[in-house]
Amino acid sequence: MDNYTLSGNLMTLSEVATYLKVAEKTILRMIQKNEIPCVKIASQWRFDRGIIDSWILDKMNPSSSDELTKLISEDMDNVPLSRLVSEQLVIPKIKPGTREEILTQLSQPLLKTGFIKDLDSFVEKLIARENMMPTTLGHGIAMPHVRNPRENISSKPAIVIGICREGTSFGEDDEEPVKFFFLIYTNSEIAHLRIIGKLNNFLKKFCNFNDFLTSESPEDVLRVLIKYEKTDINLSVK
């Protein structure tokens, strides 16, 4: 979901249900699935009228984000990975810590840029995926993501890049500390699989990431990513 500006006009659960002409139970189900923007204040759900209006417009008018998802689903070969990353989604200096602490750091950029609304809930889903099957790939690389992409609320696909220079324990059976994290975000299962495929292919081909380790800023990290991509423009998903 894109960034929205607060209008200051808050609605209760009952009011937003009336406004949307649905039952309160329907709104509660949407909240549980992270399908509607809201915030909990003193155990009560509140909805900003302006944000709800923008959310409705997004639902009625597919954005360029949806077009990018469609392009990824149909022709990932021609979508560079760098198109899914912005400076706001790069953390050049991840602090070592527990799995939860690492995933929280990686999720913060998604919260700040409006991709997610509930940080704790999103991190819980990432942890659940790791508990089911760790996303570590070896060579100091991990590719965290939620198990069910459809639970993500934003239609815009993205990759968060995190670099832990010291290395940190992440999976239960890690042979070596993880230094490179690529968190995948999309609400399309097809796009999810294609992004994973292309990223896997990229990481196998370029397994020497010293340039990433010496990057001091998000801009530096993006320059390295684009440089690697230019050496093989025709990376493809097998």
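Here are some questions and answers about the structure above.

This is a predicted model, where local features need pLDDT of at least 70, side-chain atom pairs count only at pLDDT 80 or more, and totals for chains, interfaces and linings use all residues. Residues are numbered from 1 along each chain as its sequence is written, while side-chain values use heavy atoms and leave out hydrogens and water.

Me: How many helices and strands does the chain have?
Reply: Both kinds of element are DSSP runs numbered from the N terminus: helices are H or I with at least four residues, and strands are E with at least two. Going by that, the chain comes to 9 helices and 8 strands.

Me: What percentage of the 238 residues is buried?
Reply: Buried means under 20% relative accessible area, exposed means over 50%, and partly exposed is in between (1.4 Å probe, protein chains only). Of the chain's 238 residues, the buried share is 46%.

Me: What is the strand order in the open sheet of 3 strands?
Reply: Two strands pair if DSSP finds at least two bridges between them. The pairing in this open sheet is antiparallel. β1 (10-11) and β2 (39-41) each have a single partner strand, so they stand at the edges with one side lacking a neighbour in the sheet. That fits the order β1-β3-β2.

Me: Which residue in β3 is the bridge partner of Ile41?
Reply: β2 and β3 (residues 44-48) run antiparallel and are joined by 3 bridges. Ile41 has its bridge partner in β3, and that partner is Gln44.

Me: How many of the 11 residues of strand β7 are buried?
Reply: β7 covers residues 158-168. The strand is largely enclosed by the rest of the structure, because its buried residues number 9 of the 11.

Me: Which residue in β8 stands opposite Val160?
Reply: β7 has a parallel link, with 2 bridges to β4 (residues 90-91), where Val90 faces Ile161. β7 also runs antiparallel to β8 (residues 178-185), joined by 7 bridges. Across from Val160 in β8 you'll find Leu183.

Me: Which element gives the largest share of the largest nonpolar core?
Reply: A nonpolar core is a set of buried Ala, Val, Leu, Ile, Met, Phe, Trp, Tyr and Cys residues joined through side-chain atoms within 4.5 Å. The largest one has 29 residues, and Ile159 and Phe182 are among those with the most contacts inside it. Elements giving two or more residues to this core are α4 (64-75), β7, β8, α7 and α9 (218-230). The largest share, 6 residues, comes from α7.

Me: What volume does the largest cavity have?
Reply: A cavity is a set of points on a 1 Å grid over the protein atoms alone where a 1.4 Å probe fits but cannot get out, and lining residues have an atom within 4 Å of a point. Grid points join across faces, edges and corners, and the volume is the space filled by probe spheres set on them. The search finds 2 cavities of 30 Å³ or more. For the largest, the space comes to about 90 Å³.

Me: How many nonpolar residues are in the lining of the second largest cavity?
Reply: Ala, Val, Leu, Ile, Met, Phe, Trp, Tyr, Cys and Pro count as nonpolar, Asp, Glu, Lys and Arg as charged, and the others, Gly among them, as polar. This cavity of about 40 Å³ has a lining that includes Leu81, Ile159 and Phe202, and β7 and α7 (189-205) each supply at least two of its residues. No polar or charged residues turn up there, and the nonpolar count is 8.

Me: Is His139 buried or exposed?
Reply: His139 lies in the loop between β5 (136-138) and β6 (141-142). It isn't a glycine, yet it has a positive phi of about 60°. Its relative accessible area is 59%, which means His139 is exposed.

Me: How far apart are the C-alpha atoms of Phe170 and Thr98?
Reply: Phe170 is in the loop between β7 and β8, but at 3% relative accessibility it's buried. Contact means heavy atoms within 4.5 Å, and beyond four places away in sequence Phe170 touches residues including Arg99, Leu103 and Phe181. Phe170 and Thr98 are 72 residues apart along the chain, but their C-alpha separation is 7.1 Å.

Methods
1 Å grid on protein atoms, 1.4 Å probe; cavity = no way out; pocket = protein on both sides within 12 Å on 5 of 7 lines; lining within 4 Å.
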